[in-house]
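Me: I would like to go through the labels that are attached to this structure and ask, one after another, what justifies them.

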Amino acid sequence: MMGSQGTEMTHWRKVYLILLSVDDGITGYRDDSLETVKRNQQQYDLPLKIVSYEELYGWTMDAIVKQIGLKNNCTFCGVFRRQALDRGAMILKVDKIVTGHNADDIAETVIMNVLRGDIARLRRCTAITTGMDGALPRCKPFKYTYEKEIVMYAYFKKLDYFSTECIYSPNAYRGFARAFIKDLEKIRPSAIIDIIHSGESLSVKKEVRMPVQGLCSRCGCMSSNPVCKACVLLEGLNRGLPRQVCVLAVATCPATQCVKPACFWRDSTEDCHDSVLARSTKKGGSWQTSWLEKNLRVLQVLLQCLVRWTTSQHRSHVEVPAVGSLWTAPPQT
């Protein structure tokens, strides 16, 4: 539990509470928040369990960002955090996970699921309690409480809480949904609650097939696919796929020493000065790029390969067609 919401929930003494925190390994951000959690543990005399990405996955968010950049890092963090909470709760053998999601969070999630067309999540994201059919239900007791109300309560009660924004979050998809909702609030102050009520009122036709929750074949965690998203992302990290991009370029044929278009993987962190990529003419020859343009069929095949790669969910398994038979021999010099 993090921030002012997690601090407030420690005031509930009618149930047995255990503090569970996730260390995502963000230097200068998470280490400070964990110090706050440790103080909360002493202030309220509650047991505390900290699970870390490095312990569970062998990666920290700092290492992940270094590997993939800042574009999709929140996807990795969100997926890993949700599973880390489940795995931490299973270690503690608790009956239910209680999170500090507030009304602002719920409204943002509704908007994000609408924009993504994610019907399955849209149907359950407004529920106070989810996962009742599984082994570990989750509940959001602050569903109808505004974030500013929670912060005001924590401030006037002089609660010890952490409120700094994540250093990797400025480009997060959720941030755009948050900014949109804040603009709506200027026009309609009740926009947040209205969005939540709209999400609650949405229904899905019975004939629409919804994903069925099951267990991941690798880690055993809850998943609507044979392999959960966390395992898919982790496999990509371990194999180095997030760093790789598909490159259309020219390369030298080993047999004829002729320059040919090529479609292959390249490390996105490398500069394009490699000799294979840089060559655009035969060594010692004088062909012009206009000759390359005549081989439209080859370029068409390679572009189709690129399209399949960009639309495939399993990019590492896209076949790159052989273009040797399609290649027109270069002019003799």
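Reply: A suitable place to begin is K158, which lies in the loop between α8 and α9, where helices (H or I, at least four residues) and strands (E, at least two) are DSSP runs, numbered from the N terminus. The model is a predicted one, in which local features need pLDDT of at least 70 and side-chain atom pairs count only at pLDDT 80 or more, while totals for chains, interfaces and linings use all residues. Residues are numbered from 1 along each chain as its sequence is written, and side-chain values use heavy atoms, with hydrogens and water left out.

Me: Why does K158 count as exposed?

Reply: Buried means under 20% relative accessible area, exposed over 50%, and partly exposed in between, with a 1.4 Å probe and protein chains only. K158 has 74% relative accessibility, and therefore counts as exposed. Its phi is near 55°, a positive value in a residue other than glycine.

Me: Where is K93 found, and what makes K93 exposed?

Reply: K93 is found in the loop between α5 (73-92) and β3 (97-98), and because its relative accessible area is 73%, K93 is exposed. K93 also has a positive phi, of about 60°, although it is not a glycine.

Me: Why is the contact between D160 and R39 called a salt bridge?

Reply: The term requires a side-chain nitrogen of Lys or Arg within 4 Å of a carboxyl oxygen of Asp or Glu. For the side chains of D160 and R39 the N to O distance is 2.6 Å, so the pair meets that rule. D160 sits in the loop between α8 (147-156) and α9 (173-187) and R39 in helix α2 (residues 30-44), so that, at 121 residues apart, the pair links distant parts of the chain. D160, at 19% relative accessibility, counts as buried, whereas R39, at 35%, counts as partly exposed.

Me: How do you know that E108 and R178 form a salt bridge, and which parts does the pair tie together?

Reply: The side chains of E108 and R178 meet at 3.2 Å, N to O, and the pair is therefore a salt bridge under the rule. E108 lies in helix α6 (residues 103-116) and R178 in helix α9, so the pair ties together parts that are 70 residues apart in sequence. E108 counts as buried because its relative accessibility is 3%, while R178, with a relative accessible area of 29%, is partly exposed.

Me: What makes K143 and E200 a salt bridge?

Reply: The closest N and O atoms of K143 and E200 are 2.5 Å apart, so this pair too satisfies the rule. K143 lies in the loop between β5 (138-139) and α8 and E200 in helix α10 (residues 191-201), so the pair ties together parts that are 57 residues apart in sequence. K143 is buried, with a relative accessible area of 4%, and E200 counts as partly exposed at 32% relative accessibility.

Me: How many salt bridges does the rule give?

Reply: The count comes to 15 salt bridges. D24, R30 and R81 are linked in a network of salt bridges.

Me: Why is C216 in no disulfide?

Reply: A disulfide is a pair of cysteine sulfur atoms within 2.5 Å, whereas the nearest cysteine sulfur to C216, that of C228, is 3.7 Å away. The structure holds zero disulfides. C216 is buried, with a relative accessible area of 5%, and C125, at 10% relative accessibility, also counts as buried.
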